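Welcome, and thanks for taking a look at this one with me. Below are some notes to help you find your way around.

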Amino acid sequence: MRFVAPLVALALLALAVLPSATPANAEFFAAPAQGNLKIAPPLLARMTADPLALEAVIVEMDHAVAPFGEQPNAQLARQALALIAQQGQPVGALPIVGAAAGWVPAAGIQALSLLPGVAYIHDDAAIRPRPNASHGPAWPAGQLGSLYPREIHADQVWTQSRGSGIGVAVLDSGVAADADLGNRVLASISFAGPRSTLGDGGGHGTHVAGIIGGDGTRSQGEYVGVAPQVNIVDVQVLDERGSGRLSSVIGGLGWVVAHRQEYNLRVANLSFGAPAPPSYHADLLSSAVELAWKQGIVVVTAAGNAGPTRGSVETPGIDPYAITVGAIDDQATLAVADDVLGWFSSWGTPVDGQPKPDLVAPGRKIVSLRVPGSLLDQHLGDHVVTAKNGASYFRLTGTSQACAVVSGAIALVLQRHPEYTPDQVKMILLRTTQWYGGVSQLADPSAAGAGLLDAYAAFSSSSRGFANAGLRPADGAARRLFPLLFGQSLVWKDPLYRGMPWSAVNWTTIAWDNIAWDNIAWDSFNYSNIAWDNIAWDNIAWDNIAWDRANWDNIAWDNIAWD
């Protein structure tokens, strides 16, 4: 395993903020929001309640201005880092989204919001796996088994593909060494403070990795993951207590994109969530997901465990580009006729988005790798599962587990068809799902998305097509794409949109606000011609002081009734 040391903080330079370009026809467009409208509402509420407290923030800069220098997103990230240093404590740059994270008091946040080069000040919110809050209905009597590879027909693919050579980034609490993963954990890096001596002090990330790619060595084949020869890259974004921040995940995604060729990273598994903003347009995590997606990485996210209430999908699951996964309860049988949607599985249609989840996969009582001594292991001793040969494993329930099942299935498909783009992979998965019995019992069938994953059907499919047609990127992704698309012809969805003369404007004369982003025909651009190397994805600086200052309410794994 190769351990990659986190980057240390660089010396901060006093860099000037690039002003926004002034459009020649500014009368046609509303001016960008100023003042408190540039501060995330949850952050603004806390500032009002306690003006002296340091708040975790992400300062996002506006789009770069032509003529563009080398790696404009990195330049903007450095500027954001320098601005935070003037008002508080910088933590690290997030060049994938042209932003930086840090700790700033209310007065400093207000001052930053008034600068014309600052696009938005986001709440660097806590993010964590969200276990289901109650036990589910009793299972039929019988021996606990790990049926999920057979339920999705992954075992029928193994004679032709086991995910060999495909890299899956597991953004989670870490991945501990385990015989079932062998030497296939290629690298480990942490954006969540010092790493536990266990490799995964929480135990959640290792469980997820085992679902994706465990080969059953310790259990002599009794408990095997979906893609048993896949490579894993461990990107720790949650600490051993199960807590993290949006900035740690965004930093992790930036690292994944930067190292995608080195480890052939084709899939990123995000088995966690955070409360979603009103719209994905303003969600910086959605922006990072979309930029990774455009660079050839299939991002798979958990819908969340706040169901069965409608509208309970969490970020980044709200992003319409990503593959968002809900969970079924298989009733401990291979037959799909008795399967039902997990009582905990989140679903709904986010504002400005599309119905989520996209599909469902097995997610109840999933048996995978155990990390002895981890916090999950300590709190849930009754979840230890003993294989027939005496080897110990662990069971967990949630959309986190279902998410990992889908990531493994994608690795099987990509070994056979490495040329597939994320849009093609998503379309194939959605077109090849299998029916299951519980769909007819749902008040709203959209709670199950396209249906139950079928890995063999996806692997065997000759269907071609592209998902995500006509989608509008999140604001942060649109700002970062601006210098890369600059020079291509603009195509408007509606030449009369909101009564404005869109035919009279071009890249250099338009005021880039939400009205403009909404009216661009994003599918008209040739993304294959983009000089992606002009984007600096990796972190410029990262200081773990964010974790020194973190005051989490409790241990995320604790006091929760895991099924």
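Is Gly408 buried or exposed?

1. **Gly408.** Please keep in mind from the start that this is a predicted model. Gly408 has a relative accessible area of 0%, which lies under the 20% cut-off for a buried residue, so Gly408 is buried. You will find Gly408 in helix H9, which covers residues 399–416. Once neighbours within four places in sequence are set aside, Gly408 is in contact with Ile212, Val226 and Ala227. Ile211 is another residue to look for: 197 residues separate Ile211 from Gly408 in sequence, yet their C-alpha atoms are 7.4 Å apart in space.

2. **The chain as a whole.** Stepping back, the chain has 563 residues, of which 62% are buried. It holds 14 helices and 18 strands. Among the contacts with a separation of 6 or more, 81% are between residues 24 or more positions apart.

3. **Strand S7.** A good place to go next is strand S7, residues 167–172. Six of its six residues are buried, so S7 is largely enclosed by the rest of the structure. Both faces are covered: Gly167, Ala169 and Leu171 are buried on one side, and Val168, Val170 and Asp172 are buried on the other.

4. **The partners of S7.** Which strands does S7 pair with? Strand S9 (residues 231–236) runs parallel to S7 and is joined to it by six bridges; here Asp172 stands opposite Gln236. Strand S11 (residues 265–270) also pairs with S7 in the parallel sense, over five bridges. In that pairing, Val170 has Asn269 of S11 as its bridge partner.

5. **Val249.** Now look at helix H6 (residues 246–258), where Val249 has its place. Val249 counts as buried because its relative accessibility is 0%. Leaving out neighbours within four places in sequence, its contacts are Ile127, Leu171, Val237, Leu270, Phe272 and Leu285. Leu171 also appeared above, as one of the buried residues of S7. As for Leu285, it is 36 residues from Val249 in sequence and 7.8 Å away in space, C-alpha to C-alpha.

6. **A four-stranded sheet.** Elsewhere, four strands form an open sheet with antiparallel pairing, in the order S3-S4-S2-S5. Why is one side of S3 and of S5 left without a neighbour in the sheet? Strand S3 (89–94) and strand S5 (118–123) stand at the edges and each has a single partner strand, so one side of each has no neighbour there. On average, neighbouring strands of this sheet are turned by 25° against each other, direction ignored. Helix H12 (residues 475–485) packs on the sheet and touches strand S2 (55–61) and S5, with its direction at about 40° to that of S2. For a closer look at one pairing, S3 and strand S4 (residues 99–104) are joined in the antiparallel sense over five bridges, and Ala93 has Ala100 in S4 as its bridge partner.

7. **A three-stranded sheet.** Another open sheet has three strands in the order S16-S18-S17, again with antiparallel pairing. Strand S16 (366–368) and strand S17 (384–386) are its edge strands, each pairing on one side only. From one strand to the next, the twist averages 40°. Three bridges link S17 to strand S18 (residues 392–396) in the antiparallel sense, with Val385 opposite Tyr393 in S18. Helix H5 (residues 204–213) lies across S16 and S18, at about 95° to S16.

8. **Helix H10.** Eight of the 10 residues of H10 are buried, so this helix is largely enclosed by the rest of the structure. The buried residues include Pro422, Asp423 and Gln424. What do the buried residues of H10 pack against? They pack against H7, strand S12 (298–302), strand S13 (323–329), strand S15 (359–362), H9 and helix H11 (455–460).

9. **The second largest pocket.** Finally, the second largest pocket offers about 520 Å³ of space. It is lined by 23 residues, and those closest to its centre are Lys294, Thr421, Asp423, Phe466 and Tyr527. Helix H7 (284–294) and helix H10 (422–431) are the elements that give two or more residues to this lining. By class, the lining has 12 nonpolar, six polar and five charged residues.

Definitions and conventions
Residues are numbered from 1 along each chain as its sequence is written. This is a predicted model: local features need pLDDT of at least 70, side-chain atom pairs count only at pLDDT 80 or more; totals for chains, interfaces and linings use all residues. Side-chain values use heavy atoms; hydrogens and water are left out. Two strands pair if DSSP finds at least two bridges between them. Axes are lines fitted to C-alpha atoms, for helices over the stretch in contact, and angles run from 0 to 180 degrees between N-to-C directions. Contact means heavy atoms within 4.5 Å. Buried means under 20% relative accessible area, exposed over 50%, partly exposed in between (1.4 Å probe, protein chains only). On a 1 Å grid over the protein atoms alone, a cavity is a set of points where a 1.4 Å probe fits but cannot get out, and a pocket is an open set with protein on both sides within 12 Å along at least five of seven lines; lining residues have an atom within 4 Å of a point. Grid points are joined across faces, edges and corners, and a volume is the space filled by probe spheres set on the points. Ala, Val, Leu, Ile, Met, Phe, Trp, Tyr, Cys and Pro count as nonpolar, Asp, Glu, Lys and Arg as charged, and the others, Gly among them, as polar.
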